[in-house]
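Reader: I would like to go through this structure term by term. Please set each value against its definition as we go.

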Amino acid sequence: MKIIFSIAVKDLKLIFRDKSGVFFIFLFPVIYAVLFGGFFGGFSGGAKKTVLVVVDNDKSDRSAEFIKNLRKNPSLEILEKNLITARNNVGNGKIPVLLKIEKNFGANLPESIFKSRPGISMEYDPSKIYVSQMLQGLLLKEFYNFWLLGLPEHISVIRKRFTKTFGSTPLVSDTVNQWFDQTQQILPLFRKHNSPGLMFSIPSSVISKPDQSSPGPFDISFPQGIIWGIIGATAVFAVSFVNEKNNGTLARIRAAPVSLWQIISGKLLGSMITILMVIFVMTFISTFIFSTVITQVVWFAVYAILMSFSFSGMMLFVSSFAKTEQSASGLTWSVFMLLAMLGGGMIPVHFMPEWMSEVTLYSPVGWAIKILEASAWRNSTFTEVLPQTFFLLITGILCFIVGSAVLKKSLEK
Amino acid sequence: MLQLKNITKVFSSFTAVNNITLHVNTGEIFGFLGPNGAGKSTSINMICGLLKPTEGEILICGGKDPSNSETRKAIGYVPQSLAIYNELTALENLRFFGRINGVPQKLLKSRISKALSMTGLERKKNQPAGKFSGGMKRRLNIGCALLHDPELIILDEPTVGVDPQSRNRIFENIQELNKEGKTIIYTTHYMEEAQKLCKNVVIIDAGEIIALDSVSNLIHNRLDKTVIEAVIGNQTISIKTDDPVKELEKLQKNNKFKSFQIREKTLEDVFLDLTGKKIRD
Ligand SMILES: Nc1ncnc2c1ncn2[C@@H]1O[C@H](COP(=O)(O)OP(=O)(O)OP(=O)(O)O)[C@@H](O)[C@H]1O
Ligand SMILES: [Mg+2]
């Protein structure tokens with residue numbers, strides 16, 4: 001018993017001596033808990049609105065009225081755009097869903113009762129199918145309410161039309177009139193039994209940007225897979241770097257006629273090549289096994305190089321602070337997990353509360369996913385992902401500079 | 001070959017090396033001695049340009065600064081720790097350290113085979129260093145510093161944990177290199193090694209020089225005492241004394257010793273006399 005106890009005490013001591021270890025054990029779970037709590041609405045800063053872009057091809061009073069009603073919905077933020085702009089916005093991942101109001105939406109509204117397809121349809125970003133499904137339900141309800149509101153009027157319109165056609169044949173006319181009377185009577189029932197799904201459905205399809213192939217599920221999952229691969233490679237590299245600092249091989253290299261600049265560049269290059277290999281292998285597998293397609297091969301290569309540089313810079317930054325292998329690995333994983341979480345790599349950005357989804361704008365992981373998607377299947381132009389490209393580059397450069405400076409200082413102190 | 005002028009190194013508030021001035025002549029084997037924590041490795045790290053002296057100046061090969069990377073071409077540094085890559089084979093380790101030390105591709109092969117034969121690792125050259133025994137690792141650790149044929153070879157405790165066979169091999173290597181005209185700085189705790197190899201030595205303690213002289217001067221002039229080795233019970237003790245007869249009488253009176261001998265003084269006697277018996281921390 002005494003021996004067991006001694007071993008346990010020794011282990012506890014070992015853990016608590018390593019400050020970074022304590023950080024991972026205690027502080028990190030707190031950070032995660034706070035973030036996840038925030039994600040589940042722990043900090044209510046008002047519910048987040050979903051942005052919906054509406055294309056009004058009808059341009060009638062009816063469609064205007066419908067849009068006006070949509071605007072009243074507290075969980076929607078409505079933008080009106082023309083079809084080309086709207087498709088670009090959705091295709092580039094800016095906005096998850098577009099709602100198209102077809103021509104003659106207003107005119108055909110009365111007859112909607114005989115058709116299950118109202119004159120509206122949706123197109124969505126395939127990587128945000130969950131948002132589109134949520135919106136599909138919401139829009140269906142909106143449409144149903146809108147349709148109900150005008151139901152008495154619709155009925156009288158139809159009635160008039162019938163009367164015009166069949167008014168001269170009394171038998172038919174009587175039957176039809178009877179039917180309409182009954183319908184009028186069951187109107188309250190319609191209102192009461194709010195089951196729009198029984199009556200209508202809104203067709204929805206993956207966005208068809210003219211120059212964008214429609215992606216399969218693996219097209220969407222593979223950029224994220226690449227990111228995780230990169231994070232793994234980065235952690236391995238950070239560990240090996242710290243290892244070299246501690247076992248004397250770095251000192252030996254520094255004693256050779258080489259400059260610190262050369263050593264750091266060599267490390268950076270090694271890390272970049274590793275990351276590029278990860279990207280290549282992932283791409284190879286997903287292309288040949290899961291038949292994904294890369295639409296902009298050259299840009300994809302350019303972005304891959306950029307990402308390998310940027311993440312290597314971050315690796316250098318992290319490993320310049322880490323003192324032990326454990327802290328190097330822990331630090332890299334947790335920093336990147338956090339960035340991944342905030343960058344939409346773990347929780348869909350859409351479901352984050354407002355303040356949190358703001359933060360995702362500043363996550364290198366988010367930027368990386370964005371530019372990979374841009375060249376892999378979104379077929380976005382360079383200018384459309386310029387901010388992400390720029391920030392990724394700047395982050396890489398800053399991390400590289402600060403990491404090198406810290407390293408230089410710690411080595412020569 | 002090497003000159004240290006008033007070198008001081010302060011780590012935050014702790015002075016590890018305090019105002020050391022010495023010079024090492026071209027072509028000699030110079031011993032850098034001192035108890036644990038004396039500041040030997042710190043000094044050597046400064047000589048190799050790994051640490052910046054807080055104060056003072058280091059000049060190598062006729063007045064060049066080791067923090068300049070060109071100057072370091074002249075230095076072969078064997079660190080105290082085993083600074084080799086366990087995942088790489090002996091050959092790959094040697095090739096890597098040869099390359100970063102600027103060995104031209106043409107010469108690399110012949111230099112590597114020379115280093116392999118010197119360290120006796122030819123047969124194991126394709127094995128990963130991680131699978132080597134302690135002694136083999138030590139030898140590889142030395143070999144990695146020799147590929148660029150440096151003029152100044154600095155060895156920081158190269159024989160720790162090495163059996164007598166390997167140790168002798170290492171001594172032979174060092175003497176061989178010295179015969180080729182290399183200057184050698186040798187750090188060790190083993191005084192018999194220093195006595196065997198070095199002409200001049202410096203002994204430092206707590207960062208300060210306490211002796212800087214030739215080995216023979218230290219042994220014959222510094223310690224003006226006779227060494228008696230007496231066997232008492234199961235123990236052998238050595239006594240340094242000015243008056244051996246009186247000391248022996250004293251011992252006999254207590255009827256303690258079984259046998260005794262008066263032996264030649266060694267560098268170790270001088271070292272212990274100068275640095276005392278207190279354990280360093
Ligand atoms: N980076 C550092 N920061 C603070 N103190 C240090 C540092 N490096 C060494 N020291 C201290 O400086 C002193 C001299 O250390 P050094 O390694 O030079 O001793 P040494 O003579 O090589 O000892 P040994 O024979 O045990 O290798 C020691 O007290 C050590 O604790
Ligand atoms: Mg030492």
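Author: Domain bounds come from an automatic or database domain assignment. For chain B that assignment gives domain 1 (2-215) and domain 2 (224-264), and the centres of domain 1 of chain B and domain 2 of chain B, taken over C-alpha atoms, are separated by 39 Å. This is a predicted model, in which local features need pLDDT of at least 70 and side-chain atom pairs count only at pLDDT 80 or more, while totals for chains, interfaces and linings use all residues. Residues are numbered from 1 along each chain as its sequence is written, chains are lettered from A and ligands numbered from 1 in the order in which they are written, and side-chain values use heavy atoms, with hydrogens and water left out.

Reader: What are the domains of chain A?

Author: The assignment gives domain 1 (2-39 + 216-411) and domain 2 (50-151 + 163-206) of chain A.

Reader: How many residues of domain 1 of chain A are in contact with domain 2 of chain A?

Author: Contact means heavy atoms within 4.5 Å. By that rule 10 residues of domain 1 of chain A are in contact with 12 residues of domain 2 of chain A. Buried area is the accessible area (1.4 Å probe) that two parts lose on being put together, summed over both. Between these two domains of chain A it is about 900 Å², with 56% given by carbon and sulfur atoms.

Reader: What makes Arg378(A) and Asp125(A) a salt bridge?

Author: A salt bridge is a side-chain nitrogen of Lys or Arg within 4 Å of a carboxyl oxygen of Asp or Glu. The side chains of Arg378(A) and Asp125(A) meet at 2.8 Å, N to O, so the pair fits the rule. Across the interface of domain 1 and domain 2 of chain A, the rule finds one salt bridge. Helix α16 (residues 364-378) of chain A gives the largest share of the domain 1 side, four residues. Helices (H or I, at least four residues) and strands (E, at least two) are DSSP runs, numbered from the N terminus.

Reader: How many salt bridges are there between chain A and chain B?

Author: The count between chain A and chain B is zero. The rule does find nine residue pairs in polar contact across that interface (both at pLDDT 80 or more). A polar contact is a pair of N or O atoms within 3.5 Å; within protein, one must be able to donate a hydrogen and the other to accept it, and residues adjacent in sequence count only if both atoms are side-chain atoms. On the side of chain A that touches chain B, α11(A) gives the most, with six residues.

Reader: What area is buried between chain A and chain B?

Author: The buried area is about 1,600 Å², of which carbon and sulfur atoms give 55%. In chain A, Arg252(A), Ala255(A) and Pro257(A) lose the most area to chain B, together 42% of what that side buries. The contact involves 15 residues of chain A and 25 residues of chain B.

Reader: Where does ligand 1 lie?

Author: Ligand 1 lies between chains A and B. It is surrounded by 15 residues, and the closest are Gly37(B), Lys40(B), Ser41(B), Thr42(B) and His189(B). A residue is near a molecule or strand if one of its heavy atoms lies within 4 Å of it.

Reader: Why is the approach of ligand 1 to Gly37(B) called a polar contact?

Author: An oxygen atom of ligand 1 is 2.8 Å from a polar backbone atom of Gly37(B), so the pair is within the limit for N or O atoms. Another polar backbone atom, in Gly39(B), is 2.9 Å from an oxygen atom of ligand 1.
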